[in-house]
Amino acid sequence: VVYYEDQPMNDWQSVFRRVQGNIPDGPPTYLDGSVENVYVMASGTSFYKQCFPPSSVDLGFCATAMHWLTDVPTKIPDALHSACSNDSAALSAFAERAAIDWDTILLQRARELK
């Protein structure tokens, strides 16, 4: 089973069209019949919560999600993104929020892994 997990407002239609090979002139799909017994599902649950049953995941992979924090800890006075800021108070606040969120994410994934 291949589970896709993202925020509920993700464009799930595009995900399923791509996975099912329903995009004209689109990329090949792993559901082309060359591998048997593959099933696709999705979970529109925040990765800050448990997304899958305990001890049910063999392998997890995340491409581009760790920059999402649970909230904005402070305003950034000198940049559009905390990574571009030189403000020590903003950097500290974002680092603290990121550390707390990272712990939460890892604990949730640990519950799900076999």
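**Figure 1. Cysteines without a disulfide.** This predicted model holds 0 disulfides. Why does Cys-62 have no bonded partner here? Its sulfur lies 11 Å from the closest cysteine sulfur, which belongs to Cys-51, and that is too far for a bond. To count as a disulfide, the two sulfur atoms would have to be within 2.5 Å. Look also at how much of each side chain can be reached from outside: Cys-62 is partly exposed, with a relative accessible area of 41%. Cys-84 is exposed, at 55%.

**Figure 2. A tilted pair of rings, Tyr-3 and Phe-52.** Searching the whole structure turns up 3 aromatic pairs, and one of them joins Tyr-3 and Phe-52. The ring centres are 4.7 Å apart and the planes meet at 55°, so this pair is described as tilted. The cut-offs help here: planes under 30 degrees apart would be stacked, and planes over 60 would be edge-to-face. Now find where each partner sits. Tyr-3 is in strand S1, while Phe-52 is in the loop between strand S2 (40-43) and helix H2 (88-112). The pair therefore ties together parts that are 49 residues apart in sequence. Is Phe-52 buried or exposed? Phe-52 is buried, with a relative accessible area of 13%, whereas Tyr-3 is partly exposed at 40%.

**Figure 3. A nonpolar patch on the surface.** Here we return to Tyr-3, found in strand S1, which covers residues 2-5. Which residues join Tyr-3 in a nonpolar patch? They are Val-1, Tyr-39 and Met-41. Together, the patch has about 420 Å² of accessible area. Tyr-3 can belong to this patch because its relative accessible area is 40%, and patch residues need over 30%.

**Figure 4. Leu-59, out in the loop.** Leu-59 sits in the loop between S2 and H2. With a relative accessibility of 72%, Leu-59 counts as exposed. For a sense of distance, try locating Pro-27 as well: Leu-59 and Pro-27 are 32 residues apart in sequence, and their C-alpha atoms are 24 Å apart in space.

**Figure 5. How confident is the prediction?** The mean pLDDT of the chain is 92, and 100% of the residues reach 70 or more. Which element has the lowest mean pLDDT, and which the highest? Among the elements of the chain, S1 is lowest with a mean of 90, and H2 is highest with 96. A handy reminder for any such model: where pLDDT is low, the predicted coordinates should not be read in detail.

Notes: Residues are numbered from 1 along each chain as its sequence is written. This is a predicted model: local features need pLDDT of at least 70, side-chain atom pairs count only at pLDDT 80 or more; totals for chains, interfaces and linings use all residues. Side-chain values use heavy atoms; hydrogens and water are left out. Patches are made of residues with over 30% relative accessible area and no salt bridge: like charges are joined within 9 Å, nonpolar side chains (Val, Leu, Ile, Met, Phe, Trp, Tyr) within 5 Å. Accessible areas come from the Shrake-Rupley method with a 1.4 Å probe; for residues, only the protein chains shown count as cover. A salt bridge is a side-chain nitrogen of Lys or Arg within 4 Å of a carboxyl oxygen of Asp or Glu. Helices (H or I, at least four residues) and strands (E, at least two) are DSSP runs, numbered from the N terminus. Buried means under 20% relative accessible area, exposed over 50%, partly exposed in between (1.4 Å probe, protein chains only). Rings of Phe, Tyr and Trp (its six-membered ring) pair if their centres lie within 6.5 Å; planes under 30 degrees apart count as stacked, over 60 as edge-to-face and the rest as tilted. pLDDT is the predictor's confidence in each residue, from 0 to 100.
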